[in-house]
Each structure stands twice: as C-alpha cells, then as structure tokens.
Amino acid sequence: MMGSSKSYVTLHRGIVRGALLRRQAYSTAAVEEKSLEQMSQRELREKAVAEALAREEEAAAKAKALRELKNQTRDLLSSLNKIPSTLVTSRLQKLQGELDGIPNQEKVKQLDQELEEFMIEKMNLPQYEIQNRPWAVVPKQTISNGEQGKDDEVSTQIKSTTSNSYTSQFPNLKPTPDYKPYSTQELYLRQLAHSRQSGNLGSELSNVYRPRDEVKKPRSVSETTISTLMAAGCHLGHAKAMWRPSTQPYIYGEYNGIHLIDLNETLSALNRATQVIKGVAAKGGIILYVGTTKNWEQHRALEEAAKRTRGYYVSKRWVPGTITNFTEVTKQIGGNSRIEVDMMDQPTDRKLGEETSGNLIKPDLVVLLNPVENRNCINECIKQRIPTIGLCDTDMEPSLLTYPIPCNDDSMRASSLMTGILSKSAEEGLNERLNLSKEYKLAQSKFGNKLAQKTARIVNSSTRSATA
C-alpha cells in the first residue's frame, strides 16, 4: 500500500507538473503572439507617421521653393522695369530671335505656357500689371512701312514695360520707370482713375446754409418762403415782459415765455416793403441803410447792400441832427460834398451855385435794421417826412415806422437776410432805371441824327436853288 501510494503521488505530481508546463507554454506562446501583434501595430503606426512627416516636409520644401521662386521673379521683374526702354527693346528683340532659332518650337510653346500659368496662377498679378510685363503674350503684330523692307519689321509678340493700357488712349503719355516718381501726366491719370472709382462715394449735402450767400448772392422776395424765414430765426420775439400791446396783430403765439412772430404777416409786409424800395430806386431816389450794432456781419451786409443799390449806409453811430441839423454836422466834412448826377448816376460836371448850398439833401427812403437803438433817426425822419422801412420786433412800436416788417432784429442772420432781400429789390429797380435811360439816350441820338440829316437836305436844296 505504501508503494502504491507513493507511485500514485508521483504520477499525480507528474500529471500536475505536465499540466503546469503545458499551461505555461500556452501562456508564453500567447504572450509572444500578442507582443508580435503589438509590435506590428506600432511599426505600422510609426511608418504612417514617418510617411506623413515626409509628405509634410516635401510640401513645406515645395512651398519654400515656390516662395523663393516668387521672390526671385519679383526681383527680376523689378530689375527689368528699371532698365531703360531702349535697352529693353533691343534685349527683347535679341531674345525673340534666339527663341525663334530653336528647332523644337513645341517645347518653347510648352515652356511659354508653363511660364504664363506660373505668372498668372502662382504670382497672382492683376491684369493691368500682366499687360505691362515683357512675358505677356499678345497677338503678333508687325509694324511695316512701304518704304522699308522686311528687315524693318518689328515683332511685338512680347510687350515692353513702357507700354500700358493707357498708351492707345493717350499716345503722348511717357511712362516713367519704377525707381522714379510719377510724372505730372501719370498723376493726372491716377487722379482721373480715382475719381471714376471713388468719386461718387460718400454723401451729398444739400440746402447748406452759407452766411456769405446772404450778403454776396441774396435771394429775391419771390424765392423767400416761410421755411426760409424760420430757418433764419425771424419768428423769435422778446420775452412777455418786454411786449408792446401794439404788436398784437403780429404775434402768432407764446412758447416758454417768449412771443413768436407770425411769419405770414412778416412775408406780406416784406412783399410790400420790396415794392416800395424798388419803386424808389427806379425813380432815382436816395436810399439810406442804418444799422448800428457792433457785429461786423451786419456792417458787411450794410456795405454790400449800399454798393449794390448805389446808396449810402451808417454802421457805426447815428449822429443826432444828421438830417435836421445837417449844416452843423456837415461842417466837419472837408471839400465839395455836393455833386449833380443824371438818371444814369453819371456826374453832369455842372457847377452848383451858392444858392443851392443851403438846400437840404435828404434821403428818399431810410431802412433801419435796429430801430429801437435809433430812435433819434426815426424822430428826424418823422419831422422831415421821410418814409422808413424797419425790422419791428415785439418790443418796438410799429406806428413809428412807415413800413414795419415784423421780424427778429437781434439775429444777425435774420437782419442779413432782410437786408439782402431789400437790396435785391432795389437793385432790380436800379437796373430798370438804367435800361430806360439807355433807351432814352439811344432814341435821342437817333432823333438827333435824323434831324441833322433833314437839316442838311434842306440846306443843300436851298443852295441848289440859289445857284440855279
């Protein structure tokens, strides 16, 4: 039993050891097989990565070579543009002759096509620059002359750098190379191109107020509207505390304690005043403009209005007694202060006697821009029965003025507008008077010529009868 048990144990141990060895062998084979699979995947992955890196390096090398080739091409084109046109033409003719002498013209055409594709696709040059380059291909043209032979024919298959798209339109244009500044002709053409492309960009301003237009180019009363008067501020009156009840018909309403002037009344009064001043100027009357504010804008408007109507103006200060006590006021003026003129405002050169020295020469119409500050002038006009036209604000008594115009007298824009409108109407009357005077003188001269001819005929007929 002991021997059999030992053999059984030995056999069992052998079986177990064999099973263990087989299991170990199987596990080792699986590990080796698994490691082989892992190594093959790693190698494949490394191989793929190496191939991708190689492709990227190849693409980077190609891009670098292309970039260097572009830079070299730009440098060559820049250096070619700096060569004088005469040398470029001779070199182009020589190069064209060498290209024509190559037997394999198909290869030359292929190279030309590849070069053109490279310059257009890779260089990305605009069309106007391509036309200026010597490699630009155009239809072959020849310049021939009946007196010259075939040797004088010039091939223009390759354009020179001096020719451009403006050459046909401007044959006298002389292009300059890149290293020189633009000529006057080229700058003018660039300005024209810019105006065509960008000249219509931006916004346009209309109905822009220019203060000088009210003085230099005043509008007529027919062009004046309520919107024009409101834009000038003619509707703004004074505060309620300074209101005069006599201006009630001219007041439209009240806003924030300030009276607003009715511009319909202003426009109707302005039409009446323009008819009056036009009639006075047409009859040769003397017009006096008075505005004594300290603003130079009003002084300039008064000066231009007086020049336009051949009248007079007072812009600094109204001296009391200028009209009623003119003999004492005019003593300070030296020289001859009186002169006689005709209807065309031309001096008659007639000497005035002493009997006319004491006669009063007064204006036929006075235009006041600030009547509140010139009460002395208004009183003198009332005493001498001189009609007045004035801007009547809500603090002014309108009964003191012959032709009051309800308007804001504190605004320089409003006063300049009114002065320009009144002077424009006076200018129209002045032109009517001058035209009528010219027609009268022309008719008088024609009548004098006819009378002289008739007198000469009568004298001649009487002389012949006496001789007979």
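**Entry: helix α9**

I started with helix α9, residues 296-309, in this predicted model. I asked how far apart its end C-alpha atoms are. At 1.5 Å a residue, its 14 residues should span 20 Å. The end C-alpha atoms are 20 Å apart, which agrees.

Next I looked up which residues of α9 are buried. I found Q298, H299, A301, L302, E304, A305, A306, R308 and T309. After the helix comes R310. Its phi is positive, near 60°.

**Entry: salt bridges of α9**

I searched the whole structure for salt bridges and got ten. I then went through some that involve α9.

K307 pairs with E303 in a salt bridge. Their closest N and O atoms are 3.4 Å apart. Both residues sit in α9, four residues apart, so about one helical turn separates them. I noted the general rule: an α-helix has 3.6 residues a turn, so residues three or four places apart point the same way. Is K307 buried or exposed? I read a relative accessible area of 55%, so K307 is exposed. For E303 I read 23%, which means partly exposed.

R308 forms a salt bridge with E427. Here the closest N and O atoms lie 3.9 Å apart. R308 is in helix α9, while E427 is in helix α12, residues 412-467. The pair therefore ties together parts that are 119 residues apart in sequence. I checked burial at both ends. R308 has a relative accessible area of 14%, so it is buried. E427 has 23%, so it is partly exposed.

I also found a network. Salt bridges with shared partners join K216, R300, E303, E304 and K307.

**Entry: a pair in α1**

I moved to helix α1, residues 2-81. E58 and K62 both lie there, four residues apart, about one turn of the helix. They form a salt bridge, with the closest N and O atoms 3.7 Å apart. How accessible is E58? Its relative accessible area is 45%, so I wrote it down as partly exposed. K62 is at 54%, so it counts as exposed.

T73 is in α1 too. I asked whether T73 is buried or exposed. Its relative accessible area is 11%, so T73 is buried. I then compared T73 with M119. The two are 46 residues apart in sequence. In space, C-alpha to C-alpha, they are 8.9 Å apart.

**Entry: D262 and the start of α8**

Where is D262 found? I located it in the loop between β5 (258-261) and α8 (263-282). D262 is buried yet has no salt bridge. I looked for the nearest side chain of opposite charge and got R272, 13 Å away. A salt bridge needs the nitrogen and the oxygen within 4 Å.

So what does the side chain of D262 reach? At the start of α8, one of its side-chain oxygens comes to within 3.2 Å of the backbone nitrogen of N264. I also listed the contacts of D262, leaving aside neighbours within four places in sequence. They are Y250, I251 and Y252.

**Entry: helix α8**

α8 has 20 residues. I took the distance from its first C-alpha to its last and got 28 Å. That is close to the 28 Å expected at 1.5 Å a residue. The buried residues of α8 include L263, T266, L267, A269 and L270. Further along the list I found A273, T274, V276, I277, V280 and A281. Just after α8, G284 takes a positive phi of about 80°.

**Entry: the whole protein**

I counted twelve helices and ten strands. The protein has 468 residues, and 29% of them are buried. I looked at contacts between residues at least 6 apart in sequence. Of these, 62% join residues at least 24 apart.

**Entry: confidence**

I ended with pLDDT. The mean for the protein is 77, and 75% of its residues reach 70 or more. Where is confidence lowest? I found the lowest value in strand β2, residues 154-155, at a mean of 36. The highest is in strand β8, residues 365-368, at 94.

Over residues 1-12, pLDDT stays under 50. The model has zero contacts for them beyond four places in sequence. Over residues 131-164 the pLDDT is below 50 as well. That stretch has 53 contacts in the model beyond near neighbours in sequence. I kept a caution beside this entry: where pLDDT is low, the predicted coordinates should not be read in detail.

Terms used. Residues are numbered from 1 along each chain as its sequence is written. Side-chain values use heavy atoms; hydrogens and water are left out. Helices (H or I, at least four residues) and strands (E, at least two) are DSSP runs, numbered from the N terminus. The expected span of a helix is 1.5 Å times one less than its number of residues. Buried means under 20% relative accessible area, exposed over 50%, partly exposed in between (1.4 Å probe, protein chains only). Lys and Arg count as positive and Asp and Glu as negative; His and the chain ends are not counted. Contact means heavy atoms within 4.5 Å. pLDDT is the predictor's confidence in each residue, from 0 to 100. A polar contact is a pair of N or O atoms within 3.5 Å; within protein, one must be able to donate a hydrogen and the other to accept it, and residues adjacent in sequence count only if both atoms are side-chain atoms.
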